[in-house]
Amino acid sequence: MRFNGHFLELAESYLFSTIAQKAAAHVAANPDAAVIRLGIGDVTRPLPPVAVAAMTAAVAEMGTDAGFRGYGPEQGYPFLREAIRDYYGTKGVELAADEIYVGDGAKSDIGNILDLFDKENRVIIPDPVYPAYLDANIMAGREIVYIEGDESNNFLPMPDSISGKADIIYICSPNNPTGSVYNREQLKAWVDYACENEAVILFDAAYECFITDKGLPTSIYEIPGAKNCAIEIGTLSKMGGFTGVRCGYTVVPHDLIFGDFKLGKMWMRRQATKFNGVSYIVQRGAEAVFTPQGLTECRENIAYYMDNAALIAQTMTELGIWHVGGENAPYIWLKCPGGLTSWEFFDKILREAHVVGTPGAGFGAKGEGFFRLSAFNSRENVVEAMNRLRGLKM
Ligand code: PLP
């Protein structure tokens, strides 16, 4: 009997536990200070009323003889797959409902989709980025190649920075933590590269709903050729405030065929074997999110967060602090002033302004010296936090 030794290669993830410990110690030492948390990536606004009504109705339906449902289709009920297909239609992206697989959120699918790929593949991962891509591939023992984001490329690395063969390429746009968004030409360069090199792009669209600039792509399938090389993973977590409800989707186009390997068929088989679907109640709530009323209610919440993001970005500009993000994403990624490290800046603003943020070093080596502020909080707290930062000597 042997264990998976690759687990021993994982770096301990101290980021959020260290943040929580430091914040708790600060609160204990300063009981009168009102600590404001701009470190979280979780939404704070309540669910859209139309989704609440749909889920409530679905619960009642399940309590009747006629409306009770047991196991549903592993890939999702047709009503939700069709609603997601129509949502893509509003972006000018034509998909078939059976190219869309409903799941319990992006994080699960980001890890689970790797079942389709051999362990020998080389994986391209941006640095800095959402840490789940890295850890999921370390667990599987794959070779990882970083592509580096920095000030010179606005934290948007391009294919020319890849050395050697790429097999699996992660793209997160809008990016967590930097809030940077690839434009159409940049995404086209990625699609062309993947098609020419027989690589597969795993496109994480978790924050697509925050893109307000009409010129920026919200789906990789807006780029010609992407259906031949890309899987897209979406979620209702940020869009509909479903972080605690759990619903997402993965798009595996019919055209993703490599010799004998039909990726949609493989994913279907994988899901049917290891997953039993998302609850009917949640899928009814998700369907409601994609109705015109649902989209209106979601966009009100998104606009609220984006007004917060604008306030944060504006404050950084006033303070002369280099930053990206905050325009089409709920994150502002700033360069720590005075040459401080991520953790030194964390300690400074906690100590002097009672504000909690997220040190960039937690998202990869290239995040050192940078810092993430999140727009997920109340307007009052964001205004107060920015007033406090303005009062600091930086
Ligand atoms: N992808 C990115 C880039 C994220 O930042 C997050 C969560 O913060 C996720 C995926 C996970 O989303 P979900 O709640 O759908 O699992």
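These are my notebook entries on a predicted model of one protein.

**Entry 1: overall build**

I started with the secondary structure. I counted 11 helices and 15 strands in the protein. Next I looked up the radius of gyration, which is 21 Å. The globule rule gives 21 Å for 394 residues, so the protein is as compact as a globular protein of that length. I then took the extent of the C-alpha trace along the principal axes. It spans about 60 × 55 × 50 Å.

**Entry 2: burial, contacts, surface**

How many of the 394 residues count as buried? I found 52%. I turned to contacts with a separation of 6 or more. Residues 24 or more positions apart account for 74% of them. For the accessible surface I noted about 17,100 Å². Carbon and sulfur atoms hold 53% of that surface.

I also checked the charges. The protein has 35 positive and 48 negative charges. Their mean positions lie 2 Å apart.

**Entry 3: Gly141**

I went to Gly141 next. I found Gly141 in the loop between α5 (132-140) and β4 (143-148). Is Gly141 buried or partly exposed? Its relative accessible area is 31%, so I logged Gly141 as partly exposed. Leaving out residues up to four places away in sequence, I listed what Gly141 touches: His6 and Lys119. I also took a distance to Phe371. Gly141 and Phe371 are 230 residues apart in sequence. In space, their C-alpha atoms are 30 Å apart.

**Entry 4: cysteines**

I searched for disulfides. A disulfide is a covalent bond between the sulfur atoms of two cysteines. With a cut-off of 2.5 Å between sulfur atoms, the count came to zero. I looked at Cys172, which is in no disulfide. The nearest cysteine sulfur to Cys172 belongs to Cys209, 12 Å away. Cys172 has 4% relative accessibility, so I entered Cys172 as buried.

Why is Cys298 not bonded to Cys209? The sulfur of Cys209 is the closest cysteine sulfur to that of Cys298, but the two are 7.9 Å apart, too far for a bond. Cys298 is buried too, with a relative accessible area of 1%.

**Entry 5: cis peptide bonds**

I moved on to backbone geometry. Most residues other than glycine have a negative phi, and most peptide bonds are trans. I looked for departures from both.

Which peptide bond leading into Pro128 is cis? I found that the bond from Asp127 to Pro128 is cis, with omega near 5°. Pro128 is in the loop between β3 (122-127) and α5.

I noted another cis bond at Ser173 and Pro174, where omega is about -5°. Pro174 is in the loop between β5 (168-172) and α6 (184-196). Ser173 comes right after the end of β5 at 172.

**Entry 6: positive phi**

I then checked phi in residues other than glycine. Arg246 has a positive value, near 80°. I placed Arg246 in the loop between β7 (230-235) and β8 (248-251). Its relative accessible area is 31%, so Arg246 is partly exposed.

Where is His354? I found His354 in the loop between α10 (342-353) and β13 (355-356). Its phi is positive, about 55°, although His354 is not a glycine.

**Entry 7: recap**

I closed with a short list for looking back at the model.

- Cis bonds: Asp127 to Pro128, and Ser173 to Pro174.
- Positive phi: Arg246 and His354.
- Buried cysteines: among them Cys172 and Cys298.
- Disulfides: zero.

Key: Residues numbered from 1 in each chain as written. Predicted model: local features only at pLDDT ≥ 70, side-chain atom pairs only at ≥ 80, totals over all residues. Heavy atoms only, no water. Helix = DSSP H or I, 4+ residues; strand = E, 2+ residues; numbered from the N terminus. Rg over C-alpha atoms; globule rule 2.2 N^0.38 Å. Buried < 20%, exposed > 50% of the residue type's maximum accessible area, 1.4 Å probe, protein only. Contact = heavy atoms within 4.5 Å. Areas by Shrake-Rupley, 256 points an atom, 1.4 Å probe, with all protein chains shown as cover. Lys, Arg positive; Asp, Glu negative; His and termini not counted. Charge placed at Lys NZ, Arg CZ, Asp CG, Glu CD.
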